[in-house]
Amino acid sequence: MLKKIAIFISCLIALPEIAGAATCSRINLTKCLDSACAINISGNPAARCQYCGTSDAGTPSTAMRSIGAGASSKNTISAKELKSAPTDPGERYAWATEKCLNIVQNCTTEDVDEAYDPLIEKSCTAAGLAQDMASLQKKSATNKKTESTCTNEITVCITDDKKCSSDYSKCKEDSAFDGFFATCSTQSSGCTSFLNAARETISLTRKNTLSNASANIDAIVNAHKKSREQKLSSINSGCKNNSDFDKCVESVCKNNTLDNCENGKAIANALCEFYKTACTRIK
């Protein structure tokens, strides 16, 4: 008896899950979307592509425009609502999706993607377009690129620390630059017509950057060289006629003796002897 009660309770607990497991009817969803996207499809296989795919497929024929998916069905968009549907294919598809998700319960945008995108793709193929939906959207986005945006996009890629680096120090050799440019230009879709201009601009920037870096290094080296030469000249001048030695003795006598070396300079001479030693070693 207890075992039967336990089984009964288990069933009751499972009921909400069963009730909440309602699935999307993709048949009805397709029928609904067709009411906006497949008008006159029996006479025009490219209809889905033209209405809800891409404007590249051409404009739908105005002749015999009728809803090919049963206008009287409860799972379709009404003829009245269709009068206000967008004419742009992308906007129309988004509009139809919103309408049909309200009409056909338990469906999601994922259901739309999986159920209807392949139908649009087939329709586009029928229209002579082999692109899939992703490439069509990508094309729409990349068509807006300019020479400037392409150059900037490739520059950001090529000056990455793993490639040329911001100072182009890793692209001193032309072969390294060529390899990284090829990689970055491939990744920048929609820039094919701007690649030559982008390469010319980036190459000039690279040349100037490396040239300026070389000039800076030369300037630093020359500055150090000049400083050394000036110091050597000063030392040689001080060694001439023991002038630095004499100045040292004079300073020691003045600052370290009470009588300014009146009684002899032996100690001062000893303290300053290193000047004479140094002068014998400097050429």
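**Note on a predicted all-helix chain**

1. Over residues 1-20 the pLDDT (the predictor's confidence in each residue, from 0 to 100) stays under 50, and the model has 0 contacts there beyond four places in sequence; a contact means heavy atoms within 4.5 Å. Residues 63-71 also stay under 50, but for them the model has 21 contacts beyond four places in sequence.

2. Basis of the values. This is a predicted model, in which local features need pLDDT of at least 70 and side-chain atom pairs count only at pLDDT 80 or more, while totals for chains, interfaces and linings use all residues. Residues are numbered from 1 along each chain as its sequence is written, and side-chain values use heavy atoms, with hydrogens and water left out.

3. Confidence. The average pLDDT of the protein chain is 78, and 78% of the residues score at least 70. Among the elements, the lowest mean pLDDT (41) belongs to helix H1 (residues 2-19) and the highest (94) to helix H2 (residues 26-37).

4. Overall build. The protein chain has 13 helices and 0 strands; helices (H or I, at least four residues) and strands (E, at least two) are DSSP runs, numbered from the N terminus. Of the contacts with a separation of 6 or more, 62% are between residues 24 or more positions apart. Buried residues make up 29% of the 283 residues, where buried means under 20% relative accessible area, exposed over 50%, and partly exposed in between (1.4 Å probe, protein chains only).

5. Nonpolar cores. A nonpolar core is a set of buried Ala, Val, Leu, Ile, Met, Phe, Trp, Tyr and Cys residues joined through side-chain atoms within 4.5 Å. The largest one has 26 residues, of which Leu29, Leu33, Ala36, Ile77, Trp95, Ala96 and Tyr116 touch the most other members. At least two residues of this core come from each of H2, helix H3 (47-52), helix H5 (89-103) and helix H6 (109-126), and H2 gives the most, with 5 residues. Leaving aside residues up to four places away in sequence, Tyr116 touches Thr30, Leu33, Asp34, Cys37, Ala38, Arg48, Tyr93 and Asp111. A second, separate core of 11 residues includes Tyr168, Cys171, Ala198 and Ile202.

6. Helix H9. The end C-alpha atoms of helix H9 (residues 174-187) are 20 Å apart, which agrees with the 20 Å that its 14 residues should span at 1.5 Å a residue; the expected span is 1.5 Å times one less than the number of residues. Phe177, Phe181, Cys184 and Ser185 of H9 are buried. They cover an arc of only 95° around the axis, which puts them on the same side of H9; the arc is that of the directions from the helix axis to the C-beta atoms. Ser175, Thr186 and Gln187, on the other side of H9, are exposed.

7. Aromatic pairs. The structure holds 3 aromatic pairs; rings of Phe, Tyr and Trp (its six-membered ring) pair if their centres lie within 6.5 Å, with planes under 30 degrees apart counted as stacked, over 60 as edge-to-face and the rest as tilted. The ring centres of Phe177 and Phe181 are 6.1 Å apart and their planes are at 35°, so this pair is tilted. Both residues lie in helix H9, 4 residues apart, about one turn of the helix. The rings of Phe274 and Tyr275 have centres 4.4 Å apart and planes at 35°, so that pair is tilted.
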